[in-house]
Amino acid sequence: MSLSATDKSQVKKLWAKVEKQIDDIGAESLGRMLVAYPQTKTYFSAWKGDLNVQNENVRKHGARILNAVSKAVKEIDNLTTALSQLSELHASKLQVDPANFKLLAHNLILVLAMYFPADFTPAVHLSIDKFLAAVALALSENYR
Amino acid sequence: MVKFTEQERDIVRAVWEKVDVDEVGPEALIRVLITYPWTERYFGIFGDLFSISAVSTNAKLAEHGKVVLRSLGRAVEDMDNIKNAYAELSRLHCEKIHVDPDNFRLLADCITITIACKLKSTFNSNVQATWQKFLTAVVEAMTSQYN
């Protein structure tokens with residue numbers, strides 16, 4: 001399921017709009033994942049208080065994640081190389097079960113649908129879904 | 001059996017009240033077929049589904065989307081009895097239609113995303129979590145009679 005030229009251009013086009021609200025979208029995506037899939041909180045046990053969209057740590061980290069995805073959009077032709085260090089980090093240091101990448105992807109997709117209902121047509125949904133799956137795959141590269 | 005608090009029931013009912021079945025049903029099903037094209041295998045009798053525009057304009061598919069979403073109403077009405085409410089449909093999807101039950105999860109996700117598009121910020125994290133808990137119960141019920 002590799003990315004076609006159409007997929008890449010759809011992703012870049014939508015992402016130009018995402019960039020303008022990247023911090024909010026990051027916070028919403030991560031916050032929603034932590035609330036809707038509470039098992040994901042196990043990776044953030046050091047954070048105090050309720051882990052939700054308003055939480056300061058969640059907001060900062062959500063923004064960090066989305067900015068990393070922005071870099072992936074810029075390097076869309078070279079995801080494995082571009083995400084190699086992050087893959088190493090997630091594999092060896094953070095040891096995040098890669099199944100969770102899908103959960104975050106679902107929440108990011110949902111937030112994109114909410115923020116850009118007119119732009120998030122089924123065709124764009126398809127390209128974004130494929131892109132996030134490719135990002136997850138690149139992020140899983142150094143696991144084993 | 002999945003238990004719902006009074007607050008969760010209120011949330012699910014409040015979301016359902018805002019859902020226009022005739023609008024959301026077709027949109028959600030169209031999203032499934034476009035985002036996950038292998039699901040087209042179950043809809044051969046509806047004719048041309050081989051391009052994004054064909055899927056988006058197929059009248060039979062749209063009609064079927066309404067049927068599918070309308071059936072979610074029975075779970076909303078009877079949240080304590082979801083498993084029984086879907087037993088027959090589960091058997092049908094296993095024995096007659098031969099649907100891989102992972103597809104129920106894909107449809108549930110697309111329904112949620114379509115509703116989020118419509119409800120926007122009123123579909124906040126708590127509402128999303130509760131709605132997804134409800135749909136997970138429906139997906140489990142639809143899978144329950146598989147053998």
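Me: Hi! Which secondary structure elements make up chain B, and how many of each are there?
Reply: Happy to walk through this predicted model with you. Read along the sequence, chain B follows the pattern α-α-α-α-α-α-α-α. In numbers, its secondary structure comes to 8 helices and 0 strands.

Me: And what is the count for chain A?
Reply: From the N terminus on, the elements of chain A run α-α-α-α-α-α-α. The secondary structure of chain A therefore comes to 7 helices and 0 strands, where a helix is a DSSP run of H or I with at least four residues.

Me: What radius of gyration does chain B have, set against a compact globule?
Reply: The C-alpha atoms of chain B fill a box of roughly 45 × 40 × 20 Å along the principal axes. For 147 residues, a compact globule would have a radius of gyration near 15 Å. Chain B agrees with that, because its own value is 15 Å.

Me: What does the globule rule give for chain A, and what is the chain's own radius of gyration?
Reply: Here the C-alpha atoms fill a box of roughly 40 × 35 × 20 Å, again taken along the principal axes. With 144 residues, a compact globule would come out near 15 Å. Chain A agrees, with a radius of gyration of 15 Å.

Me: What percentage of the residues is buried in each chain?
Reply: A residue counts as buried when its relative accessible area is under 20%. In chain A, buried residues make up 51% of the 144 residues. In chain B, with its 147 residues, the buried part is 52%.

Me: What part of the contacts in chain B joins residues at least 24 apart?
Reply: Take the contacts in chain B between residues at least 6 apart in sequence. For chain A, with a separation of 6 or more, residues 24 or more positions apart account for 76% of the contacts. For chain B, the part at least 24 apart is 73%.

Me: How far apart are the mean positions of the positive and negative charges in chain B?
Reply: Chain A has 17 positive and 14 negative charges, and their mean positions are 1 Å apart. Chain B has 17 positive and 20 negative charges. The mean positions in chain B are apart by 1 Å.

Me: Which three residues of chain B supply the most area against chain A?
Reply: The contact takes 22 residues from chain B and 20 residues from chain A. Between the two chains about 1800 Å² is buried, and carbon and sulfur atoms give 64% of that. Of the area that chain B buries against chain A, 28% comes from three residues, more than from any other three: B:Arg31, B:Ile113 and B:Gln128.

Me: Is A:Gln95 buried or exposed?
Reply: A:Gln95 sits in the loop between α5 (84-94) and α6 (99-115) of chain A. Its phi is near 50°, a positive value in a residue other than glycine. The relative accessibility of A:Gln95 is 56%, so this residue counts as exposed.

Me: What about B:Lys120: is it buried, partly exposed or exposed?
Reply: This residue is found in the loop between α7 (102-119) and α8 (125-143) of chain B. The phi of B:Lys120 is near 45°, a positive value in a residue other than glycine. Its relative accessibility is 39%, so B:Lys120 counts as partly exposed.

Key. Residues are numbered from 1 along each chain as its sequence is written. Chains are lettered from A and ligands numbered from 1 in the order in which they are written. This is a predicted model: local features need pLDDT of at least 70, side-chain atom pairs count only at pLDDT 80 or more; totals for chains, interfaces and linings use all residues. Side-chain values use heavy atoms; hydrogens and water are left out. Helices (H or I, at least four residues) and strands (E, at least two) are DSSP runs, numbered from the N terminus. The radius of gyration is taken over C-alpha atoms; the globule rule is 2.2 Å times the number of residues to the power 0.38. Buried means under 20% relative accessible area, exposed over 50%, partly exposed in between (1.4 Å probe, protein chains only). Contact means heavy atoms within 4.5 Å. Lys and Arg count as positive and Asp and Glu as negative; His and the chain ends are not counted. The place of a charge is taken as NZ of Lys, CZ of Arg, CG of Asp or CD of Glu. Buried area is the accessible area (1.4 Å probe) that two parts lose on being put together, summed over both.
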